[in-house]
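Got your viewer open? Let's take a short walk through this one, starting wide and then zooming in.

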Amino acid sequence: MLEMKKELPEIFESFAEARQKGFLAMKEIKDEGKGVVGQFCTYTPLEIFMAAGLVSVGLCSTSDETIPEAEKVLPGNLCPLIKSSYGFAITDKCPYMYFSDLVVGETTCDGKVKMYELLGQIKNLHILELPRKQNTEEAFALWRAEIVRLKERVEKDFGVTITDDMLKEAIRKRNVERRLLKEIYELSAMTPPPVSGLRQLQILFGSQFKFDWNEKVAELQQAIDSIKAAYAAGERPVPEKAPRILITGCPMGGVTEKVVKVIEEAGAVVVVYENCTGAKQMDRQCQEEGDPITNIARYYLQIGCAVMTPDTNRLELLDRLCQQFKVDGVVEMTLQSCHPYSIETYTIKTHLQKKGIPYLHLETDYSTADIGQLATRAGAFLEML
Ligand code: BJ8
């Protein structure tokens, strides 16, 4: 028990600091001569890079540090994720962007698509053409062809050959990661959950900045074992009666942790994230038997994001998580000027209303100026539950 108390905080810190610490790891990776690919979106099939022996890293920035520089080029009323990501690219302030030999963008929202045009002037860029439909033969054929085109681009740029067996092994490994991450967030289906929503978010977000697959898998397993052992030993970091909140909406991490903090400081607990930092990425497994390119294309095309029309997969996942995690309310966080998610708030709100699940929409950006206002709105919402 005592030993556990020492261990668990260390594990939590290791994930909370992973993005920052990963800068050094990335430098070592480059010094060893390994290739690095940066990407922005959950639709990007990481198996292709893994199969090629490359290291991949998420480039979506989560702070407002470089937004003033970005706004010299981009309009002010653009999503902060796009502005800050571009800002980090032009200022060379993000080591991950700096070290990326290839950057992969996608045709998701219009803001990102147009930003990529500018990014392509300073970085080696590949754009994946993502269809907006998920269930037509034409959409699948286009997307499968795009996966092949990405594979060929990687082979050409890095001078490698990617075989089916390599892809199958990468699918298997990514499935292991997904399974472990899912196991971690599913622990919070218990009442009370064994970790706060902030801790859960830090593990989910931080795990993407651990670049050694074996180490990452071992650390995730250790986190699961330690959390379970602490719970079995009676540790209850969350009160039994804390209202249980599901978070949906735009991706989270970095400064947007503020939304989780105001919810939890008001006495509730975030039990599950439906967004790209959480279940959206890890809920399903990619099929391992059969043609790997087809399996990869099928798996990724079914991600339920607001850029799809209609976005029924998001509603299906949302419903399942609300039930499984016995949620008392849903909070949707959208980033300012994010059209896909902010327009879809109406669909989400009315869908949840029909099921009698209370819903709150919070719009925010990458500053800390609105924390007081967020706290007031979250507090009022939680009082109603
Ligand atoms: S799969 S959520 S990572 S697109 S917040 S940049 S949509 S204006 S991030 Fe996303 Fe892929 Fe979807 Fe996930 Fe545009 Fe909205 Fe900004 Fe966004």
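How many helices and strands are there in the protein chain? Switch to a cartoon view and count along: there are 17 helices and 8 strands. Keep in mind as you go that this is a predicted model.

**The whole chain**

Stay zoomed out for now. The radius of gyration of the protein chain is 20 Å, close to the 21 Å that the globule rule gives for 385 residues, so the chain is as compact as a globular protein of that length. Turn the C-alpha trace around and you'll be looking at a span of about 55 × 45 × 40 Å along its principal axes.

Next, show the contacts. Among those with a separation of 6 or more, 75% are between residues 24 or more positions apart.

Now put a surface on. The protein chain has about 16,400 Å² of accessible surface, and 52% of that belongs to carbon and sulfur atoms. Under the surface, 56% of the 385 residues count as buried.

Colour by charge next. You'll find 46 positive and 55 negative side chains, and the centres of these two sets lie 2 Å apart.

**The aromatic rings**

Hide the surface and show the aromatic side chains as sticks. Across the whole structure, a search turns up 8 aromatic pairs. To see one of them, select tyrosine 96 and phenylalanine 209: they are stacked, at 5.4 Å centre to centre with 15° between the planes.

Where do these two partners sit in the chain? Tyrosine 96 is in helix H6 (residues 95-99), while phenylalanine 209 is in the loop between helix H10 (197-206) and helix H11 (213-232). That makes it a link between distant parts of the chain, 113 residues apart. Is tyrosine 96 buried or exposed? Tyrosine 96 is buried, and phenylalanine 209 is too.

Slide along to tyrosine 98 and phenylalanine 99. Their ring centres are 5.2 Å apart and their planes are at 75°, so this pair is edge-to-face. Phenylalanine 99 is buried, with a relative accessible area of 16%.

Now go back to Tyr96 and add Phe23, Phe205, Phe209 and Phe211 to your selection: together these form one aromatic cluster.

**Last stop: H10**

Phe205 from that cluster is also one of the buried residues of H10, so select the whole helix. How many of its 10 residues are buried? The count is 9, which leaves H10 mostly covered. Click through them to finish: the buried ones include Leu198, Leu201, Ile203 and Leu204, along with Gly197 and Gly206 at the listed positions.

Note on methods. Residues are numbered from 1 along each chain as its sequence is written. This is a predicted model: local features need pLDDT of at least 70, side-chain atom pairs count only at pLDDT 80 or more; totals for chains, interfaces and linings use all residues. Side-chain values use heavy atoms; hydrogens and water are left out. Helices (H or I, at least four residues) and strands (E, at least two) are DSSP runs, numbered from the N terminus. The radius of gyration is taken over C-alpha atoms; the globule rule is 2.2 Å times the number of residues to the power 0.38. Buried means under 20% relative accessible area, exposed over 50%, partly exposed in between (1.4 Å probe, protein chains only). Contact means heavy atoms within 4.5 Å. Accessible areas come from the Shrake-Rupley method with a 1.4 Å probe; for residues, only the protein chains shown count as cover. Lys and Arg count as positive and Asp and Glu as negative; His and the chain ends are not counted. The place of a charge is taken as NZ of Lys, CZ of Arg, CG of Asp or CD of Glu. Rings of Phe, Tyr and Trp (its six-membered ring) pair if their centres lie within 6.5 Å; planes under 30 degrees apart count as stacked, over 60 as edge-to-face and the rest as tilted.
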